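Please examine the complex shown here. The questions that follow ask on what grounds each descriptive term is applied.

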Protein chains: 2
Amino acid sequence: MPDAQFTIGDAANASGVKVPTIRYYEEIGLLPPPPRTEGGRRSYGRADLDRLSFIRHARELGFEVDAIRTLLALQETPDQSCAAADAIARERLIEVERRIASLSALRAELERMVEGCSHGHVGECRVIDILADHGKCAHHRMV
Amino acid sequence: MPDAQFTIGDAANASGVKVPTIRYYEEIGLLPPPPRTEGGRRSYGRADLDRLSFIRHARELGFEVDAIRTLLALQETPDQSCAAADAIARERLIEVERRIASLSALRAELERMVEGCSHGHVGECRVIDILADHGKCAHHRMV
DNA sequence: CCTACTTCCTCTAGCGACTAGAGGAGCAAG
DNA sequence: CTTGCTCCTCTAGTCGCTAGAGGAAGTAGG
C-alpha cells in the first residue's frame, strides 16, 4: 500500500490548520476536494498534508490567498522559471518593510502619548490631546 | 451666527473620512445622528468635524472602534482621571511592539527567500522551497 | 449488541470595518 | 429647463475565517 489516508482531524493536527478552515480552503479551491470514504468522510493523502502545511506557512508569512494560489500553481510545474515566485516574495517583502516603517512611526507616537501623560485629568491628558489635534502629531500615514 | 453647518461632503473633505464611512459611523453609534435640512440632508457642526478627525486619527493609529468609543466617552468628561485613556494607549503600544517584532522576523525570512533565489527553475526555487518545508524556516509565529 | 462519546457532515450566519452599487431625489449653475 | 453633481436609503459584497445548529458515522467499553 503506497500511502496512508487521513481524516480531516488528522490533517488538521498534522498541518496546524483548523478543521473548518480546511473545509473552507476546499470551498475556495485552495485544496482539491479529496475522495470520500463510504460513510462520506474526507480522506486525505500525504500530498494534501504537504499542501496544507505550505498554505499555512504562507498564510503565517502574510501572503494573501490569491498569492498562495499562484505559488501553488507554480509549485506544480517545477520546470518553469521561478521569476513569478520571486516577484511575489519581493512584493511581499516591500509590503512588510512598509508596514514596519509605518508601525515604527506609530510606536513613536504612542510612546510620546503615554510618556506625556501626566496621569491627571482627561482635560489635560496627552493621549486624548494628540488624538484630538492632528496638528500636534508627527504621524502622517498608516499602511 | 454661532456655528456654520456642513454637508456630509464638507465633513468628509474636512476630516478625511469618506462619505459612506461617515454614514457607517453614524449607524454604529460612533457619531451622533446630526439634524437634517428640509430636504433631508445631514447637517454637521464644528463639533462633529472635530469628532470625525479624532476618530480618523485614532483609526490611523490602529485603535479599534470599541477603543475609540471609550476614548470618545472619556473626552466628553474632562474632569475624570485619564488612567483609562492611558491604559488603552499602553495596550495599543504593546500590540504595536509585538507586531513590529513579528514583522521583523518575517522580513528576515523573506530576505532569505529572495536572496537565495537563483532565478532558475521552480524546482530549485528557494521561495517555494522554504514555504513547502517549515523545517527550513527560522520563523515560528506571527501575531 | 447497545450505549456513550467523539468526530465528522452540511448548512447558514456572523465577525470587523468598511466598500460598492442600485435606484431615486434634491439642488445649483448655465 | 436641463445637465450634472451631491445626497438619500437600501442591500450585498469584501477577506479569511469562526461559530453554531442539527444530524450521521465511527469507535471504545460493558
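The exchange below takes up the terms one by one, for a model that is predicted.

Q: What makes A:Y24 and A:Y25 an aromatic pair, and why is the pair called tilted?
A: Rings pair if their centres lie within 6.5 Å, and planes under 30 degrees apart count as stacked while those over 60 count as edge-to-face. The centres of A:Y24 and A:Y25 are 5.9 Å apart, with 45° between the planes. The distance is therefore within the limit and the angle belongs to neither of those classes, so the pair is tilted.

Q: How many aromatic pairs does the structure hold over all chains?
A: The structure holds 2. Besides the pair A:Y24 and A:Y25, B:Y24 and B:Y25 form a tilted pair, at 5.9 Å centre to centre and 45° between the planes.

Q: Why is A:Y25 called buried?
A: Buried means under 20% relative accessible area. A:Y25 has a value of 8%, so it is buried. B:Y25 has a relative accessible area of 8% and is therefore buried.

Q: Why is A:Y24 called partly exposed?
A: Exposed requires over 50% and buried under 20%. A:Y24 has a relative accessible area of 41%, which lies in between, so the term is partly exposed. B:Y24, at 41%, is therefore partly exposed on these limits.

Q: How do you know that the buried residues of α2(A) line one face of the helix?
A: The buried residues in α2(A) are A:I22, A:Y25 and A:E26. Seen down the helix axis, the buried residues fall within an arc of 100°, so they line one face. The face turned away from that buried side carries the exposed residues A:P20 and A:E27.

Q: Against which elements do the buried residues of α2(A) pack, and which residue with positive phi follows α2(A)?
A: The buried residues pack against α1 (8-15) and α3 (46-60) of chain A. The helix is followed by A:G29, whose phi is positive, near 85°.

Q: What makes a residue count as near DNA strand D, and which residues are the closest?
A: A residue is near a strand if one of its heavy atoms lies within 4 Å of it. For DNA strand D, 17 residues surround the strand, and the closest are A:Y25, A:R59, B:G9, B:R23 and B:R42. Of the atoms of DNA strand D that come within 4 Å of the protein, sugar and phosphate account for 80%.

Q: Why do A:R59, B:T7 and B:R23 count as making polar contacts with phosphate oxygens of DNA strand D?
A: A polar contact is a pair of N or O atoms within 3.5 Å. A polar side-chain atom of A:R59 lies 2.7 Å from a phosphate oxygen, that of B:T7 lies 2.9 Å from one, and that of B:R23 lies 2.4 Å from one. Each of these distances is within the limit, so each pair qualifies.

Q: Which elements give two or more residues to the surface near DNA strand D?
A: They are α2 (19-27) of chain A together with α1 (8-15) of chain B. The largest share, 3 residues, comes from α2(A). The residues of this surface divide into 4 nonpolar, 5 polar and 8 charged.

Q: Which residues are the closest to DNA strand C?
A: The closest are A:G9, A:R23, A:R42, B:Y25 and B:R59, among 17 residues that surround DNA strand C. Sugar and phosphate make up 80% of the atoms of DNA strand C that come within 4 Å of the protein.

Q: How do you know that A:R42, B:T21 and B:Y25 make polar contacts with phosphate oxygens of DNA strand C?
A: The limit for a pair of N or O atoms is 3.5 Å. The side chain of A:R42 has an N or O atom 2.8 Å from a phosphate oxygen, the side chain of B:T21 has one at 3.0 Å, and a polar side-chain atom of B:Y25 lies at 2.8 Å. The three distances are within the limit, so these pairs count as polar contacts.

Q: Which element gives the most to the surface near DNA strand C?
A: It is α2(B), with 3 residues.

Note on methods:
Residues numbered from 1 in each chain as written. Chains lettered and ligands numbered in written order. Predicted model: local features only at pLDDT ≥ 70, side-chain atom pairs only at ≥ 80, totals over all residues. Heavy atoms only, no water. Phe/Tyr/Trp six-rings, centres within 6.5 Å; stacked < 30°, edge-to-face > 60°. Buried < 20%, exposed > 50% of the residue type's maximum accessible area, 1.4 Å probe, protein only. Polar contact = N/O pair within 3.5 Å; in protein donor to acceptor, adjacent residues only side chain to side chain. Helix = DSSP H or I, 4+ residues; strand = E, 2+ residues; numbered from the N terminus. Nonpolar A, V, L, I, M, F, W, Y, C, P; charged D, E, K, R; others polar. Arc of directions from axis to C-beta. Contact = heavy atoms within 4.5 Å.
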